Amino acid sequence: MRSMFLAVLMAALLSPIPIRALAEDPPAFVLRWGSWGEGPGQFRHPYGLAVGADGNVYVADRDNNRIQRFTSDGTFVLQWGGLGRPNAIAISATGLVYVTDDQNRRVQVFTTDGTFVNQWGSLGADPGEFLRPFGIAVNAVGQVYVGDHDSGRIQKFTATGTFIAVWGTSGTGPGQFQQVTGIAIDSQGDVYIADNDNRIQVFTVDGAYLRGWPSASAQFIAADSNDHLYVTSSGGHRVHKYTRTGEELTRWGSFGSGDGQFRYPTGIAVDQAGNVFVADPDYGWTANLGRIQMFSPAATAVGTTSWGTIKARYR
């Protein structure tokens, strides 16, 4: 009897632990572009991403101190500089491009062709100042939210940079932050904050805490037209997709340099068709991928899109 019990126990211990099935299949890899370097279409640590109303993809090329603009199939369009290690990008409904300028502790504003429009911010912890500006987002009425990575707070401004409000302190409680990295805003105006302390927190337009959920090594965050949230897990080398209440719908990615794999992914953006763009910088390591990957929610074969067959390429 005892031997039978032990056999049953050992079988149970050696059986694979069931993994909860997710509600959706992961999106399909479509294409990639970019390589390590300083030329057009090359990157030295691509960080923040944004997609404009025209479908163009804007990339914060962090260690080249510039923004690059591409069509959605990775064709280089133009670039502009005048930045000090840009971290993140947001595009307003009026077509203005807002960039967090890390090294200069400020926000800079440009047109979509790179013409300088405005700037604000300086080093400090007072309203309108930054220790390290990181995540940025613009709501439907043009108000700008900026995450200060090192001070654990969110600041809110008008479209022209006039200070409105601030919330958050350093900590691990509700409404506190360890390292603010990404910001996204859904169609209802709720503000989602990715905290590198392994969680997402959600706030009203005025900074009142609503809810939160765990998300390992959360880096950047993006919302699609259905208010689904996409979060890059830098340390997990993958992307998570959530509902607005934190239910995980799907995930994809693993450590590596192949198609659909990541090495410390950072920026993420979603276009109106639901295509997902992910920055894959391999930041701080030797592989130096310097690339952007695109994924489609449709059952699309690798290398094939609605505009035809595209070969995965590096510039």
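A pocket, as used here, is an open set of grid points where a 1.4 Å probe fits, with protein on both sides within 12 Å along at least five of seven lines. The model you are looking at is predicted. Let's work through it in a few exercises.

**Exercise 1. The overall picture**

Task: Find how many helices and strands the protein has, and what share of its residues is buried.

Solution.
- Step 1: Start with the elements. The protein has one helix and 28 strands.
- Step 2: Turn to burial. Of the 315 residues, 55% are buried.
- Step 3: Add the contacts. Taking contacts with a separation of 6 or more, 45% of them are between residues 24 or more positions apart.

**Exercise 2. The largest pocket**

Task: Describe the largest pocket by its volume, its central residues and the elements that line it.

Solution.
- Step 1: The volume of the largest pocket is about 1100 Å³.
- Step 2: Its lining counts 45 residues, and those closest to the centre are Val51, Ile91, Val138, Ile185 and Ala223.
- Step 3: Two or more lining residues come from each of strand 2 (46–51), strand 6, strand 10 (133–138), strand 16 (180–185), strand 20 (218–223) and strand 24 (268–270).
- Step 4: Sorted by class, the lining holds 26 nonpolar, 14 polar and five charged residues.

**Exercise 3. Strand 6 and its partner**

Task: Strand 6 lends residues to the pocket lining. Work out how strand 6 pairs with strand 7 and what links the two.

Solution.
- Step 1: Strand 6 spans residues 86–91, and six of its six residues are buried.
- Step 2: Its pairing with strand 7 (residues 97–101) is antiparallel and runs over four bridges.
- Step 3: Within this pairing, Ile91 sits opposite Val97. Ile91 is also one of the residues closest to the centre of the largest pocket.
- Step 4: The two strands make a hairpin with five residues in between, and Gly95 in the turn has a positive phi of about 90°.

**Exercise 4. Strand 18 between two partners**

Task: Explain why strand 18 counts as largely enclosed, then trace its pairing with strand 17 and strand 19.

Solution.
- Step 1: Strand 18 covers residues 199–203, and it is largely enclosed by the rest of the structure because five of its five residues are buried.
- Step 2: In a regular strand, side chains alternate between the two faces of the sheet. Here Arg199, Gln201 and Phe203 point one way, while Ile200 and Val202 point the other way, and all are buried.
- Step 3: Strand 17 (residues 191–195) runs antiparallel to strand 18 and is joined to it by five bridges. Val191 has Phe203 as its bridge partner.
- Step 4: The hairpin of strand 17 and strand 18 has three residues between the strands, and Asn198 in this hairpin takes a positive phi near 70°.
- Step 5: Strand 19 (residues 209–214) also pairs with strand 18 in the antiparallel sense, over five bridges. Gln201 stands opposite Gly212 there.
- Step 6: This second hairpin has five residues between its strands, with Gly207 in the turn at a positive phi of about 95°.

**Exercise 5. Two aspartates in loops**

Task: Decide whether Asp63 and Asp150 are buried or partly exposed, and find the polar contact of each side chain.

Solution.
- Step 1: Recall the cut-off: buried means under 20% relative accessible area, and exposed means over 50%.
- Step 2: Asp63, in the loop between strand 3 (57–61) and strand 4 (66–70), has 19% relative accessibility and therefore counts as buried.
- Step 3: The side chain of Asp63 makes a polar contact of 2.6 Å with that of His45.
- Step 4: Asp150, in the loop between strand 11 (144–148) and strand 12 (153–157), has 44% relative accessibility, so it counts as partly exposed.
- Step 5: A polar contact of 2.6 Å links the side chains of Asp150 and His149.
- Step 6: Leaving out residues up to four places away in sequence, Asp150 touches Leu131 and Arg132. Asp150 and Leu131 are 19 residues apart in sequence, with 5.9 Å between their C-alpha atoms.

**Exercise 6. Positive phi outside glycine**

Task: Locate Ser217 and Tyr264, and state whether each is buried or exposed.

Solution.
- Step 1: Ser217 lies in the loop between strand 19 and strand 20, and its phi is near 40°.
- Step 2: With a relative accessible area of 15%, Ser217 is buried.
- Step 3: Tyr264 belongs to the loop between strand 23 (248–252) and strand 24, and its phi is near 65°.
- Step 4: Tyr264 is buried too, at a relative accessible area of 19%.

Definitions and conventions. Residues are numbered from 1 along each chain as its sequence is written. This is a predicted model: local features need pLDDT of at least 70, side-chain atom pairs count only at pLDDT 80 or more; totals for chains, interfaces and linings use all residues. Side-chain values use heavy atoms; hydrogens and water are left out. Buried means under 20% relative accessible area, exposed over 50%, partly exposed in between (1.4 Å probe, protein chains only). Two strands pair if DSSP finds at least two bridges between them. Contact means heavy atoms within 4.5 Å. A polar contact is a pair of N or O atoms within 3.5 Å; within protein, one must be able to donate a hydrogen and the other to accept it, and residues adjacent in sequence count only if both atoms are side-chain atoms. On a 1 Å grid over the protein atoms alone, a cavity is a set of points where a 1.4 Å probe fits but cannot get out, and a pocket is an open set with protein on both sides within 12 Å along at least five of seven lines; lining residues have an atom within 4 Å of a point. Grid points are joined across faces, edges and corners, and a volume is the space filled by probe spheres set on the points. Ala, Val, Leu, Ile, Met, Phe, Trp, Tyr, Cys and Pro count as nonpolar, Asp, Glu, Lys and Arg as charged, and the others, Gly among them, as polar.
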